[in-house]
Amino acid sequence: MKTRIAWIAAGIMMLLALASPQQAQAVGAGEKSLGIMGGYSSYNGSGYVSANFQWEFANHFRLVPEIGVSFENDHKSAFLLNCDIHFPFQVYRGIVLYPLVGLTMNSWHYTWDHADPEYRTRVGGDFGAGVDFYFTRFLKMTLQAKYSAMAQTSGAFAGIGLSYVF
């Protein structure tokens, strides 16, 4: 039920983004933004939340460091640290698509019944894609899906986020 509500909310946000007046355009080189993202983590079947900083240091190249947590479910929770590179390109005024690649470090915490907590820290790679919807010059919404490939703790992350552009 919670998953269905999340998908309905994402659909409503997408419709609002498409129906809103498209006043803003991607700035290109020099654009910076600070944002939050939340969504679903497949490894433990739970939600996650993260904060990120985006810096488009050249046209079509954006550096995105990100820090977050995956909430506990099935005795697993995590600290997430990513550094991705987006390759954004504008497809319509106010709509930007991007593929992404990057490095990830996840530290999973396991709390098994009647046992000491266990930690697994893994380093791996990210790959995925996303789309940005610019509501104004200063506000954008992001839909993103990526897969983090690493030993024993690989999983997908699908999320929606809001960012302040400056």
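**Figure 1. The hairpin of β3 and β4 in this predicted model.** In the hairpin formed by β3 and β4, two residues lie between the strands, and D74 takes a positive phi near 55°. The model shown here and in the following views is predicted. Strand β3, which covers residues 61-73, runs antiparallel to β4, and ten bridges join the two strands. One pair that can be picked out in this view is I67 with its bridge partner in β4, L81.

**Figure 2. The whole chain, as a guide to the close-up views.** The protein contains one helix and nine strands, and a reader who follows the sequence from its start meets them in the pattern α-β-β-β-β-β-β-β-β-β. Of its 166 residues, 39% count as buried. Among contacts between residues at least 6 apart in sequence, 52% join residues that are at least 24 apart. The protein exposes about 8,900 Å², and carbon and sulfur atoms supply 69% of this area.

**Figure 3. Strand β1 and its two antiparallel partners, β2 and β9.** Strand β1, made of residues 32-41, pairs with β2 in the antiparallel sense over ten bridges, and β1 also pairs with strand β9, residues 155-165, in the antiparallel sense over nine bridges. Y40 is a useful residue for tracing both pairings, since Y40 stands opposite G47 in β2, while its bridge partner in β9 is A158. The hairpin of β1 and β2 has four residues between the strands, and in this hairpin G45 takes a positive phi near 65°.

**Figure 4. The pairing of β4 with β6 and the largest nonpolar core.** Strands β4 and β6 run antiparallel and are joined by eleven bridges; in this pairing, A78 stands opposite W108 in β6. Both A78 and W108 belong to the largest nonpolar core, whose eight residues also include M37, Y43, Y48, L80, Y110 and F157. The elements that give two or more residues to this core are β4, residues 76-86, and β6, residues 95-110. A second, separate core has six residues, among them F133, F135, M141 and L143. In soluble globular proteins, nonpolar side chains tend to be buried together.

**Figure 5. The surroundings of Y43, a member of the largest nonpolar core.** Leaving aside residues up to four places away in sequence, Y43 touches K76, W108, Y110, R120, Q152, T153, S154 and G155. Two of these neighbours, W108 and Y110, belong to the largest nonpolar core together with Y43. Another neighbour, R120, meets E118 through its side chain in a salt bridge, at 3.2 Å from N to O. R120 counts as partly exposed because its relative accessibility is 23%, and E118, with a relative accessible area of 30%, is partly exposed as well.

**Figure 6. K146 and its salt bridges with D84 and D126.** The structure holds eight salt bridges. In one of them D84 pairs with K146, and their closest N and O atoms are 2.9 Å apart. D84 lies in strand β4 and K146 in strand β8, residues 139-149, so this pair ties together parts that are 62 residues apart in sequence. K146 also forms a salt bridge with D126, where the closest N and O atoms are 3.5 Å apart. This second pair links distant parts of the chain, with D126 in strand β7, residues 118-134, and K146 in strand β8, 20 residues apart. D84 counts as buried because its relative accessibility is 1%, and K146 is buried with a relative accessible area of 7%, values to be compared with a cut-off of under 20%. D126 is buried too. Side chains of opposite charge can pair when their charged atoms come close. Elsewhere in the model, E31, R62, D132 and K140 are linked in a network of salt bridges.

**Figure 7. S50 in strand β2 and its polar contact with E66.** S50 is found in strand β2, which covers residues 46-58, and S50 counts as buried because its relative accessibility is 6%. A polar contact of 2.5 Å joins the side chain of S50 to that of E66. With residues up to four places away in sequence left out, S50 touches G35, I36, M37, E66, I67 and G68. Among these neighbours, M37 is also part of the largest nonpolar core, and I67 is the residue whose bridge partner in β4 is L81.

Definitions and conventions
Residues numbered from 1 in each chain as written. Predicted model: local features only at pLDDT ≥ 70, side-chain atom pairs only at ≥ 80, totals over all residues. Heavy atoms only, no water. Core = buried A, V, L, I, M, F, W, Y, C linked by side-chain atoms within 4.5 Å. Buried < 20%, exposed > 50% of the residue type's maximum accessible area, 1.4 Å probe, protein only. Contact = heavy atoms within 4.5 Å. Salt bridge = Lys/Arg side-chain N within 4 Å of Asp/Glu carboxyl O. Polar contact = N/O pair within 3.5 Å; in protein donor to acceptor, adjacent residues only side chain to side chain. Areas by Shrake-Rupley, 256 points an atom, 1.4 Å probe, with all protein chains shown as cover. Pairing = 2+ DSSP bridges.
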